[in-house]
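Let's take a friendly walk through this chain, from its overall layout down to a few individual residues. Please keep the structure open as you read.

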Amino acid sequence: MGAATMERDAPPPPPKPRARQYERPRGGPARSIAELTPQVGRTAFRRFGFVQSSVVTRWPEIVGEHHAKVCTPEAIRFPPGEKADGILQLVVLPAHAPLIQHVIPEIMERVNRFFGYKAVARVKLRQGAVQPPRVEARPAAPPSLKPVPIELGDSLRDVGDPELRAVLESLARTLGAKE
């Protein structure tokens, strides 16, 4: 009987430590869509062969507006495990394929200059439909209603470039208004 009372008086055994439940680490503060979009685009571009999505988005700057209207980059394929000496695959309008064939060395040079190293060693052409690049139209400045001073107007007629002439006329108007 003495043993039974000792068991009752003994303190209860300590509780078993429960397994800690896994918590997914938080991503930090909320981020804007503009911050996330390049990552989404980068993943999609990598899947289809582009290491840098900026090659596609800045194609008119790389090869020029004229060539960008008739050809677009489709993919850059590199040898396994390397990021140099790749093959640039271009989609070209069928009528312009011979012209683009002749300017391939120049296109390779410009793309490599864009990357900063010899990223492209060859170019493959595929004839197909090309979406013309979107050109953001700059809104034209509204013409000023103030007349150009007479003494300056005669000398501006000789300027051949219409854009330069418009800028000079605008400058002349502001100078004339201050006097």
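The report below goes from confidence and layout to one helix, the core, and some local details.

## Confidence and layout

This is a predicted model, so a good place to begin is the predictor's confidence. The protein chain has a mean pLDDT of 76, with 66% of its residues reaching 70 or more. Confidence is highest in β3, at a mean of 94, and lowest in helix α1 (residues 2–9), at 60. Where pLDDT is low, the predicted coordinates should not be read in detail.

The protein chain has nine helices and three strands. Read from the N terminus, the order of elements is α-α-α-α-α-β-β-α-α-β-α-α. Of the 179 residues in the protein chain, 23% count as buried. Among contacts with a separation of 6 or more, 59% are between residues 24 or more positions apart.

## Helix α7

Helix α7 covers residues 104–115, twelve residues in total. At 1.5 Å a residue these should span 16 Å, and the end C-alpha atoms are indeed 16 Å apart, so the two values agree. Which residues of α7 are buried? They are Ile 104, Ile 107, Met 108, Val 111, Asn 112 and Phe 115. These buried residues cover an arc of only 130° around the axis, which puts them on the same side of α7. Pro 105 and Arg 113, on the other side of α7, are exposed.

The buried residues of α7 have many partners to pack against: the helices α3 (54–57), α4 (59–63) and α6 (97–102), along with the strands β1 (71–77), β2 (86–92) and β3 (120–127). Just after α7 comes Gly 116, with a positive phi near 95°.

## The largest nonpolar core

In soluble globular proteins, nonpolar side chains tend to be buried together. Here the largest nonpolar core has 23 residues, and the members that touch the most others are Trp 59, Leu 88, Leu 90, Ile 100, Ile 107 and Val 111. Two or more residues come from each of α4, α5 (65–70), β1, β2, α6, α7 and β3. Helix α7 gives the largest share of this core, five residues.

Ile 100 is a handy residue to look at up close. Leaving aside residues up to four places away in sequence, Ile 100 touches His 67, Val 70, Cys 71, Leu 90, Val 92, Ile 107 and Leu 125. One of these, His 67, sits in helix α5. His 67 has a relative accessibility of 13%, so this residue counts as buried. With the same sequence neighbours left out, the contacts of His 67 are Ile 100 and Val 103.

## Aromatic pairs

How many aromatic pairs are there? The count comes to two. In one of them, the rings of Phe 114 and Phe 115 have centres 5.9 Å apart and planes at 75°, so the pair is edge-to-face. Ring pairs join Phe 114, Phe 115 and Tyr 117 into a cluster.

Are Phe 114 and Phe 115 buried or partly exposed? Phe 114 has 24% relative accessibility and therefore counts as partly exposed. Phe 115, at 15%, counts as buried, because the limit for buried is under 20%.

## A loop residue with positive phi

Asp 85 is found in the loop between β1 and β2. Its phi is near 55°, a positive value in a residue other than glycine. With a relative accessibility of 39%, Asp 85 counts as partly exposed.

Conventions
Residues numbered from 1 in each chain as written. Predicted model: local features only at pLDDT ≥ 70, side-chain atom pairs only at ≥ 80, totals over all residues. Heavy atoms only, no water. Phe/Tyr/Trp six-rings, centres within 6.5 Å; stacked < 30°, edge-to-face > 60°. Buried < 20%, exposed > 50% of the residue type's maximum accessible area, 1.4 Å probe, protein only. Helix = DSSP H or I, 4+ residues; strand = E, 2+ residues; numbered from the N terminus. Expected span 1.5 Å × (residues − 1). Arc of directions from axis to C-beta. Contact = heavy atoms within 4.5 Å. Core = buried A, V, L, I, M, F, W, Y, C linked by side-chain atoms within 4.5 Å. pLDDT = per-residue confidence, 0-100.
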